[in-house]
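Let's take a walk through this structure together, from its packed interior to its charged pairs. Have the viewer open as you read.

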Amino acid sequence: MKIEIGDLNFDERGLVPAVVQDAATGEVLTVAYMSAESLRRTLESGETWFWSRSRAELWHKGATSGHTQRVVDVAADCDADALRVSVEPRGPACHTGARSCFTREVAGPRGGPRVGDLNGDDPRADDSHAAAEVDRRSSELGATLDALYELIARRRRELPENSYTAYLFKEGLDKILKKVGEESAETIIAAKNADAGRLAAEVSDLVFHLLVLLVERGATLAEVNAELAGRAGKGGGE
């Protein structure tokens, strides 16, 4: 049974959620939103197009990264208010470099598993053991940064498989700089909205990628601390 785009039940913003699924394995790769126009472009081009709620614009998945998704089929649910998009992914689905955006367990109400990375691809929890290490030392921001810097440096030395941090180092300086730029832009966008939690999350992503850049270029937190301390002694800088 087929359904036309005009028969879908878009929400008050003109959007429907789209669950993107690997056609070969059934794995859920991401959940995004589609407008009537992005769905039309998806069906016409054979690659996924979405609507960015934060930027209020259409975006073609993989337009800059090359990680496009070839569409196998699109199906609507029984209420015609959600879509399932089966694709053949040409690279990671997640902006972190992970194959799927769904990599972190959610803690249960009674001592269940903590929120943690499932495959080592999340920048804020490179693997469960590393996350626990950082957590033990995170009573102060300085201790957290020190522990995270050490973890990132270790990832650069060891380059383990299925690690987002190692992926960045393998891709090289240009990739790291690109991510710093992207996270800076997302921080700016978050700052324009009245959501302190979102802003804190985006700043955390930016700080993480800045630490990766420091490690890649051989700069240390001690050097950053000395520079900031010097500025503080001058009354906050020039």
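The paragraphs below cover the hairpin, the cores, one helix, one lysine and the salt bridges.

First, some ground rules: this is a predicted model, in which local features need pLDDT of at least 70 and side-chain atom pairs count only at pLDDT 80 or more, while totals for chains, interfaces and linings use all residues. Residues are numbered from 1 along each chain as its sequence is written, and side-chain values use heavy atoms, with hydrogens and water left out.

Let's begin with a hairpin. Helices (H or I, at least four residues) and strands (E, at least two) are DSSP runs, numbered from the N terminus, and two strands pair if DSSP finds at least two bridges between them. Strand 1 (residues 16-22) and strand 2 (residues 28-34) run antiparallel and are joined by six bridges. One place to check the register is proline 17, whose bridge partner in strand 2 is tyrosine 33. Five residues sit between the strands of this hairpin, and glycine 26 has a positive phi there, near 85°.

Now for the interior. A residue is called buried under 20% relative accessible area, exposed over 50%, and partly exposed in between (1.4 Å probe, protein chains only). A nonpolar core is a set of buried Ala, Val, Leu, Ile, Met, Phe, Trp, Tyr and Cys residues joined through side-chain atoms within 4.5 Å. The largest such core has 18 residues, and Ile152, Leu168, Phe208 and Val212 have the most contacts inside it. Two or more residues come from each of helix 3 (141-158), helix 4 (164-171), helix 5 (173-191) and helix 6 (196-217). Helix 6 gives the most, with six residues. Another core, of 15 residues, lies apart from that one and has Val16, Val20, Leu39 and Leu83 among its members.

Which helix of the largest core deserves a slower look? Let's take helix 4, which is largely enclosed by the rest of the structure, because six of its eight residues are buried. Those buried residues are Tyr164, Thr165, Ala166, Tyr167, Leu168 and Phe169, and they pack against helix 3, helix 5 and helix 6. With contact meaning heavy atoms within 4.5 Å, leucine 168 touches Lys175, Ile176, Lys179, Phe208, His209 and Val212, not counting residues up to four places away in sequence. At the N-terminal end of helix 4, serine 163 acts as a cap, with a side-chain oxygen 3.4 Å from the backbone nitrogen of threonine 165. After helix 4 comes glycine 172, with a positive phi near 100°.Next, turn to lysine 61, found in the loop between strand 4 (57-60) and strand 5 (69-76). Lysine 61 is buried, at a relative accessible area of 8%. Beyond its neighbours within four places in sequence, lysine 61 is in contact with Thr48, Phe50, His67, Thr68, Gln69, Pro92 and Ala93. A polar atom of the lysine 61 side chain lies 3.4 Å from the backbone oxygen of proline 92. Glutamate 47 is 14 residues away from lysine 61 in sequence, and their C-alpha atoms are 7.7 Å apart. What is the nearest side chain of opposite charge to lysine 61? It is glutamate 182, 9.7 Å away, and lysine 61 has no salt bridge. Here Lys and Arg count as positive and Asp and Glu as negative, while His and the chain ends are not counted.

That brings us to the salt bridges themselves. A salt bridge is a side-chain nitrogen of Lys or Arg within 4 Å of a carboxyl oxygen of Asp or Glu, and by this rule the count comes to 16. Why do the positions within a helix matter for such pairs? An α-helix has 3.6 residues a turn, so residues three or four places apart point the same way.

In helix 1 (residues 36-45), arginine 40 and glutamate 37 lie three residues apart, about one turn of the helix. Their side chains meet in a salt bridge (2.4 Å, N to O). Both are partly exposed, arginine 40 at 31% relative accessibility and glutamate 37 at 29%.

Helix 5 holds lysine 179 and glutamate 183, which are separated by about one helical turn because they are four residues apart. The salt bridge between their side chains has an N to O distance of 3.8 Å, and both residues are buried.

Finally, arginine 231 and glutamate 227 lie four residues apart in helix 7 (residues 221-233), and their side chains form a salt bridge (3.1 Å, N to O). Arginine 231 is partly exposed at 44% relative accessibility, and glutamate 227 is also partly exposed at 44%. Salt bridges that share partners also join Glu37, Arg40, Arg41 and Glu44 into one network.

Key. A polar contact is a pair of N or O atoms within 3.5 Å; within protein, one must be able to donate a hydrogen and the other to accept it, and residues adjacent in sequence count only if both atoms are side-chain atoms.
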